[in-house]
Amino acid sequence: MGEVIHVTKARIVKEPGRGMKTGYLDAFPEEPIPYGIHGGIKNFYKAEPEEERPATLDHLAAAVAG
C-alpha cells in the first residue's frame, strides 16, 4: 500500500431553509462553499429556494469529471 499524501477534512453546515448548506474545507477556511438546490433538483422536491445554488451533487460530478 502506498503512502498517504493528503487527507481532506471537510464539514457541511445546514442553514435555515430547505436544502441550503455551506461547506468548509480545512485547507481554505476563509472560502466557504455555498450549496443549495436548482433546476431538476428543486423540481423534484417541489421547492423554490430564495436563491439557487449548486448542489453537493454538482460538486461531486465536477470532481469526478475533473
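This is a guided tour of a predicted model, one selection at a time.

**Whole chain**

Start with the whole chain shown as a cartoon. Two helices and three strands should appear, and following them along the sequence gives the order β-β-β-α-α. Aligned on the principal axes, the C-alpha atoms fill a box of roughly 45 × 25 × 15 Å. The radius of gyration is 14 Å, whereas a compact globule of 66 residues would have a value near 11 Å.

Switch to a surface next. About 5400 Å² of the chain is exposed, and 60% of that area comes from carbon and sulfur atoms. Of the 66 residues, 18% count as buried. If you draw the contacts between residues at least 6 apart in sequence, 14% of them join residues at least 24 apart.

**Colour by confidence**

Colour the chain by pLDDT. The average is 91, and 100% of the residues score at least 70. Which element has the highest confidence, and which the lowest? Strand S2 (residues 21-25) is highest, at 95, and helix H2 (residues 56-65) is lowest, at a mean of 90.

**Select Thr 22**

Stay with strand S2 and pick Thr 22, which lies in that strand. Is Thr 22 buried or exposed? Thr 22 counts as buried because its relative accessibility is 10%, and the cut-off for buried is under 20%. Now show what surrounds Thr 22. Leaving aside residues up to four places away in sequence, Thr 22 touches Arg 11, Ile 12, Val 13, Glu 15, Pro 32, Ile 33 and Arg 53.

**Select Arg 11 and Tyr 24**

Arg 11, one of the residues touching Thr 22, is the next stop. Display its side chain together with Tyr 24. The charged end of Arg 11 sits over the ring of Tyr 24, 4.4 Å from the ring centre.

**Select Ile 37**

Move to the loop that runs between strand S3 (33-35) and helix H1 (39-45); Ile 37 is found there. Ile 37 is buried, with 8% relative accessible area. Which residues does Ile 37 touch, not counting those up to four places away in sequence? They are Arg 18, Lys 42, Ala 47, Pro 49, Glu 52 and Arg 53. Arg 53 was also listed among the residues touching Thr 22.

For a distance check, add Lys 21. The C-alpha atoms of Ile 37 and Lys 21 are 9.6 Å apart, with the two positions 16 residues apart in sequence numbering.

**Select Phe 44 and Tyr 45**

Show both side chains as sticks. A pair of aromatic rings is described by the distance of the centres and the angle of the planes. Here the count comes to one aromatic pair, formed by Phe 44 and Tyr 45. Their ring centres are 5.0 Å apart and the planes are at 90°, so the pair is edge-to-face, the class for planes over 60 degrees apart. On the surface, Phe 44 is exposed, with a relative accessible area of 62%, while Tyr 45 is partly exposed, at 43%.

**Select Lys 46**

Finish in the loop between H1 and H2, where Lys 46 is located. Most residues other than glycine have a negative phi. What is phi for Lys 46? The angle is near 50°, a positive value in a residue other than glycine. Lys 46 counts as exposed, at 75% relative accessibility.

Conventions. Residues numbered from 1 in each chain as written. Predicted model: local features only at pLDDT ≥ 70, side-chain atom pairs only at ≥ 80, totals over all residues. Heavy atoms only, no water. pLDDT = per-residue confidence, 0-100. Helix = DSSP H or I, 4+ residues; strand = E, 2+ residues; numbered from the N terminus. Phe/Tyr/Trp six-rings, centres within 6.5 Å; stacked < 30°, edge-to-face > 60°. Buried < 20%, exposed > 50% of the residue type's maximum accessible area, 1.4 Å probe, protein only. Lys NZ or Arg CZ within 6 Å of the ring centre and 35° of its normal. Rg over C-alpha atoms; globule rule 2.2 N^0.38 Å. Contact = heavy atoms within 4.5 Å. Areas by Shrake-Rupley, 256 points an atom, 1.4 Å probe, with all protein chains shown as cover.
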